[in-house]
Amino acid sequence: MSQRNKKKHLSPDFFKNFHTEASPTGTSGGVALSIKQEILYTRINDLECPDIDSVWILGLLGKLKILIATAYIRPNSIDCLKSFLRQLEAAQHFIETNQLDGLIFLGDLNARHEYWGDSTSNLHGLELYNHLPYELSIINYGDPTFLSSNGNSVIDLIIVSGKLTQLTRFELGCDYEVELFTGAPRRGHVPVLLDISPLENSKVVNDRLRLEKA
């Protein structure tokens with residue numbers, strides 16, 4: 001194999017990992033964020049909630065000061081989803097108070113809705129769509145993030161807000177060639193890839209559609 005065809009692997013030493021502990025009941029394995037060492041960051045514990053697994057990081061990306069977050073919401077746990085919505089409201093207040101440039105959230109919310117391209121809507125999806133703070137936008141556009149012989153779904157969501165939506169362009173894609181565990185990709189989550197690039201002209205993108213007011 002030629003040198004140029006070898007896959008380049010990043011050393012774990014390149015990253016700082018923030019994580020929650022696995023649930024003692026086995027209902028969750030916890031969540032984690034890995035941040036490149038050269039990025040300035042700090043963990044915001046005040047935005048975390050004991051009811052759900054989540055990690056909130058304040059990072060400096062170039063000149064942008066943004067919150068970067070992840071969370072996992074268990075299926076059939078609507079109370080946890082409501083707690084997550086309260087987290088988002090607190091995050092928006094934190095952004096305004098500290099004059100940050102926005103939020104990037106990436107996580108498995110087990111929330112299905114036709115608005116972000118799923119074939120159906122479940123209780124989590126309806127709750128999220130109806131009560132998501134207006135300043136936030138879900139930018140998934142339909143590529144399934146979970147594959148199953150029973151049907152695919154869009155449950156690993158990316159949510160953004162703030163000046164970030166005016167200054168950058170988001171391009172999403174999924175890697176369907178990566179096998180995460182035995183059974184994938186026929187059943188399991190696939191990597192969701194987010195590419196962020198600056199916009200030449202300031203423009204609000206992905207403005208949230210309010211179907212009930214149309």
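Okay, one definition before anything else: when I say helix or strand, I mean a DSSP run, H or I over at least four residues for a helix and E over at least two for a strand, numbered from the N terminus. With that in hand, here's a residue to start on: Asn 110 is in the loop between β6 and α2. And please keep in mind throughout that this is a predicted model.

So, Asn 110. Its phi is positive, about 50°, even though Asn 110 isn't a glycine. Is Asn 110 buried or exposed? Buried, with a relative accessibility of 14%. There's another residue to set beside it, Gln 99, which also isn't a glycine and has a positive phi, near 55°. Gln 99 sits in the loop between α1 and β6, where β6 covers 102–108. Gln 99, though, counts as exposed, at 64% relative accessibility.

Let me step back to the whole protein for a minute. How many helices and strands are there? Three helices and 12 strands. The protein has 214 residues, and 41% of them are buried. Its accessible surface is about 12,600 Å², and carbon and sulfur atoms hold 50% of that. Then there's the question of who touches whom. If you take the contacts with a separation of 6 or more, 60% of them join residues that are 24 or more positions apart.

Next, the helix pair. We've got α1, residues 78–97, and α2, residues 123–131. People describe two packed helices by the angle between their axes and the distance between those axes. For this pair the angle is about 20° and the axes are 10 Å apart. Angles under 35 degrees count as roughly parallel, and α1 and α2 are therefore roughly parallel to each other. The crossing of α1 and α2 is right-handed.

Which residues meet there? On the α1 side you have Ile 78, Leu 81, Lys 82, Phe 84 and Leu 85, and on the α2 side Leu 123, His 124, Glu 127, Leu 128 and His 131. Look at the spacing in those numbers while you remember that an α-helix has 3.6 residues a turn, so residues three or four places apart point the same way.

Staying with α2: its buried residues are His 124, Gly 125, Glu 127, Leu 128 and Tyr 129. And what do they pack against? Against α1, plus two strands, β7 at 136–138 and β9 at 156–161.

Back over on α1, let me pick out two residues. Lys 82 lies in that helix, and it's partly exposed, at 36% relative accessibility. The C-alpha of Lys 82 is 10.0 Å from that of Leu 132, and those two are 50 residues apart along the chain. Ser 83 is in α1 too, but Ser 83 counts as buried, at 5% relative accessibility. Leaving out residues up to four places away in sequence, Ser 83 touches Cys 49 and Asp 51.

That brings us to the cysteines. How many disulfides does a search of the whole structure find? Zero. For Cys 49, the nearest cysteine sulfur belongs to Cys 80 and is 7.9 Å away, while a disulfide needs the two sulfurs within 2.5 Å. Cys 49 is buried at 18% relative accessibility, and Cys 174 is buried as well, at 16%.

Last stop, a couple of loop residues that touch each other. Glu 135 is in the loop between α2 and β7, and it's partly exposed, with a relative accessible area of 44%. Beyond its neighbours within four places in sequence, Glu 135 is in contact with Gln 92, Val 160, Ser 161 and Gly 162. Its C-alpha is also 9.7 Å from that of Glu 89, 46 residues apart along the chain.

Now follow that contact over to Gly 162. Gly 162 lies in the loop between β9 and α3, with α3 at 164–167. Like I said for Glu 135, partly exposed is the label here, at 33% relative accessibility for Gly 162. Setting aside neighbours within four places, Gly 162 is in contact with Asp 101, Gly 102 and Glu 135. And Gly 162 and Ile 66, 96 residues apart along the chain, have C-alpha atoms separated by 8.9 Å.

That's my tour, thanks for listening!

Note on methods. Residues are numbered from 1 along each chain as its sequence is written. This is a predicted model: local features need pLDDT of at least 70, side-chain atom pairs count only at pLDDT 80 or more; totals for chains, interfaces and linings use all residues. Side-chain values use heavy atoms; hydrogens and water are left out. Buried means under 20% relative accessible area, exposed over 50%, partly exposed in between (1.4 Å probe, protein chains only). Contact means heavy atoms within 4.5 Å. Accessible areas come from the Shrake-Rupley method with a 1.4 Å probe; for residues, only the protein chains shown count as cover. Axes are lines fitted to C-alpha atoms, for helices over the stretch in contact, and angles run from 0 to 180 degrees between N-to-C directions. Angles under 35 degrees count as roughly parallel, over 145 as roughly antiparallel, 65 to 115 as roughly perpendicular and the rest as oblique. A crossing is left-handed if the near helix is turned anticlockwise from the far one by less than a right angle, and right-handed if clockwise.
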